[in-house]
Amino acid sequence: MYGVGVGGGGGGFNAPSTASGRRKNQEDDEEEEEEETGDGRVLEAWERAYADDRSWEALQEDESGLLRPIDTKNLVHSQYRRRLLLRSAAAAARIQKGLIRYLYIVIDLSKAASEMDYRPSRMAVVAKCAEAFIREFFDQNPLSHVGLVTIKDGISHRLTEIGGSPESQINALMGKLECSGDSSLQNALELVNGYLNQIPSYGHKEVLFLYSALNTCDPGDIMETIEKCKKSKVRCSVIGLAAEIFICKHLCEETGGSYTVALDESHFKELLLEHAPPPPAIAEYAAANLIKMGFPQRGAEDLISICSCHKKIKSGAEGYICPRCKVNVCELPTECRTCGLTLVSSPHLARSYHHLFPVAPFDEVTFKLGQKGGQNCFGCQQSLINTGGQSNIHVRCPKCNHHFCFDCDIYIHESLHNCPGCESQRSSSR
């Protein structure tokens with residue numbers, strides 16, 4: 001057993017002796033007790049919690065001295081615009097992306113996940129953000145599949161099989177939130193690589209680590225395992241919650257993934273959601289394949305059959321009938337366990353193409369008094385003029401020149417994936 005620590009490829013962390021650890025805790029307690037304000041008053045424990053956040057610095061006053069409500073709308077929109085411009089740059093370069101992804105999310109539940117530098121703990125923040133990520137992932141990748149793996153006590157355990165149901169993944173995760181022991185990066189890679197080698201050749205194999213520990217305690221040579229993942233064409237990415245670790249950075253560089261370290265909870269969620277859109281496909285991995293797919297229909301209400309997924313008796317209205325072997329399946333998309341046919345619905349297939357033909361980013365503009373047009377949002381018809389006669393900063397489609405508010409801008413690019421102004425011009429020209 002050996003560990004790999006921060007900034008180096010070998011060595012590790014030696015556990016401090018009991019006496020030295022006790023002295024360190026006493027020194028930390030003394031430092032906390034001596035923390036004072038500017039006027040010399042010692043801060044209470046509950047005051048120190050708020051002093052770290054310094055949330056009062058975001059407050060602003062109006063002309064009459066009253067507190068002005070905090071407007072986070074522009075901040076949220078600026079973060080969204082930054083993500084949009086990054087995605088549009090990739091789309092302009094015609095980068096090939098994988099539509100059918102097989103992703104394993106590896107969650108570190110070692111004792112490091114119980115640290116409370118994230119409120120209330122790293123484990124709680126990871127679980128909350130992982131739930132939002134799973135829903136967003138399936139919304140943007142309707143043909144893809146996700147599985148969950150946890151690391152605890154130096155052992156990796158597959159929490160769920162890889163599948164296309166967000167609810168089953170989330171329910172399984174929320175029922176297994178316990179932290180203990182050390183983390184083992186090698187054991188997780190060995191487990192995930194074995195499962196991903198069984199997927200079809202047209203699928204894009206990915207692993208996303210949500211890593212809390214500062215070391216990894218492995219039973220063998222992790223460099224051999226990384227080389228094995230590289231040969232298997234598994235793309236590994238890591239989001240760290242503590243500090244940068246050499247072995248995680250080396251893993252991502254070798255397999256073509258990305259390595260980032262979160263600063264706080266909001267930054268962690270932002271980094272996590274960046275993995276929801278399909279990443280650029282690596283050239284030698286992106287082989288084109290024709291895939292046979294079936295479009296099943298719902299069974300008749302009076303039909304009673306055994307579900308091939310859970311081996312339970314269900315009525316026809318509760319499932320779908322495979323067009324090839326007539327077997328009942330519970331959810332879509334999935335792979336028929338009897339004949340192996342990929343089963344999808346037509347909306348799933350249509351929604352998966354918006355990454356190939358995204359809506360162009362809108363231009364930020366400001367309406368000037370006396371200018372014709374642009375006074376109302378073309379989407380929601382709300383006025384773009386403030387009560388004081390000044391215009392809000394809004395956006396304009398570069399193709400149809402219609403104006404939209406920030407909320408409609410986010411909705412068009414994140415959910416609708418079509419510009420209403422351009423679509424209305426197409427329908428009027430027919």
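This is a short tour of the structure, stop by stop, with something to select at each one. Keep in mind that you are looking at a predicted model.

**The whole chain**

Start with everything visible, in cartoon style. The chain has 430 residues, and 41% of them are buried. Colour by secondary structure and you can pick out 12 helices and 21 strands. Now switch on the surface: the accessible area of the chain is about 23900 Å², with 51% of that belonging to carbon and sulfur atoms. Contacts across the fold are worth a thought too. Take those between residues at least 6 apart in sequence: 64% of them join residues at least 24 apart.

**Strand β7 and its neighbours**

Select residues 204–211, which form strand β7. Is this strand mostly covered or mostly open? Mostly covered: seven of the eight residues in β7 are buried.

Next, add residues 101–108, strand β4. β4 and β7 run parallel and are paired over seven bridges. To see one of these pairings up close, show V106 together with its bridge partner in β7, F209.

Then add residues 234–240, strand β9. β9 also pairs with β7 in the parallel sense, again over seven bridges. Show Y211 here, and look for G240 opposite it in β9. If you are wondering what holds such neighbours together, strands of a sheet pair through backbone hydrogen bonds.

**E206, inside the strand**

Stay with β7 and select E206, which lies in this strand. Why does E206 count as buried? Because its relative accessibility is 8%, and the cut-off for buried is under 20%. Show side chains and find R101: the side chains of E206 and R101 make a polar contact at 2.8 Å. R101 has company around E206. Leaving aside residues up to four places away in sequence, E206 touches R101, Y102, L103, Y104, L196, R235 and P279.

**A tour of salt bridges**

Across the whole structure there are 12 salt bridges. As background, side chains of opposite charge can pair when their charged atoms come close. Here are some to visit.

Select E190 and K228 as sticks. Their side chains form a salt bridge, with N and O 3.3 Å apart. This pair links distant parts of the chain, since E190 is in helix α6 (residues 185–196) and K228 is in helix α7 (residues 222–231), 38 residues apart. Both ends are partly exposed: E190 has 32% relative accessibility, and K228 has 39%.

Now jump to helix α12 (residues 420–429) and select E423 and R426. How far apart are N and O in this salt bridge? The distance is 2.5 Å. E423 and R426 are three residues apart in the helix, so about one helical turn separates them. E423 is partly exposed at 34%, and so is R426 at 42%. For something more connected, select E131, R135 and E167, which are joined into one network by salt bridges that share partners.

One more pair: R158 and E161, whose side chains meet in a salt bridge at 4.0 Å, N to O. R158 is partly exposed, with 24% relative accessibility.

**An exposed leucine**

Select L290, in the loop between α9 (265–273) and β11 (293–294). Is L290 buried or exposed? Exposed, because its relative accessibility is 89%. Now show Y202 as well. L290 and Y202 are 88 residues apart in sequence, yet their C-alpha atoms are 8.5 Å apart in space.

**A three-strand sheet and an annotated stretch**

The loop you just visited leads to β11, which belongs to an open sheet of three strands in the order β11-β18-β17, with mixed pairing. The edge strands are β11 and β17 (334–335), each pairing on one side only. Select β17 along with β18 (residues 342–343): these two run antiparallel and are joined by two bridges. T334 stands opposite L343 in β18.

For the last stop, select residues 322–339. In an unreviewed UniProt entry, this stretch carries the feature "zinc finger region: C4-type". What is the span made of? It is 0% helix and 22% strand, and the C-alpha atoms at its two ends lie 9 Å apart.

Note on methods. Residues numbered from 1 in each chain as written. Predicted model: local features only at pLDDT ≥ 70, side-chain atom pairs only at ≥ 80, totals over all residues. Heavy atoms only, no water. Buried < 20%, exposed > 50% of the residue type's maximum accessible area, 1.4 Å probe, protein only. Helix = DSSP H or I, 4+ residues; strand = E, 2+ residues; numbered from the N terminus. Pairing = 2+ DSSP bridges. UniProt positions renumbered as here; feature names shortened; annotations may be inferred. Polar contact = N/O pair within 3.5 Å; in protein donor to acceptor, adjacent residues only side chain to side chain. Contact = heavy atoms within 4.5 Å. Areas by Shrake-Rupley, 256 points an atom, 1.4 Å probe, with all protein chains shown as cover.
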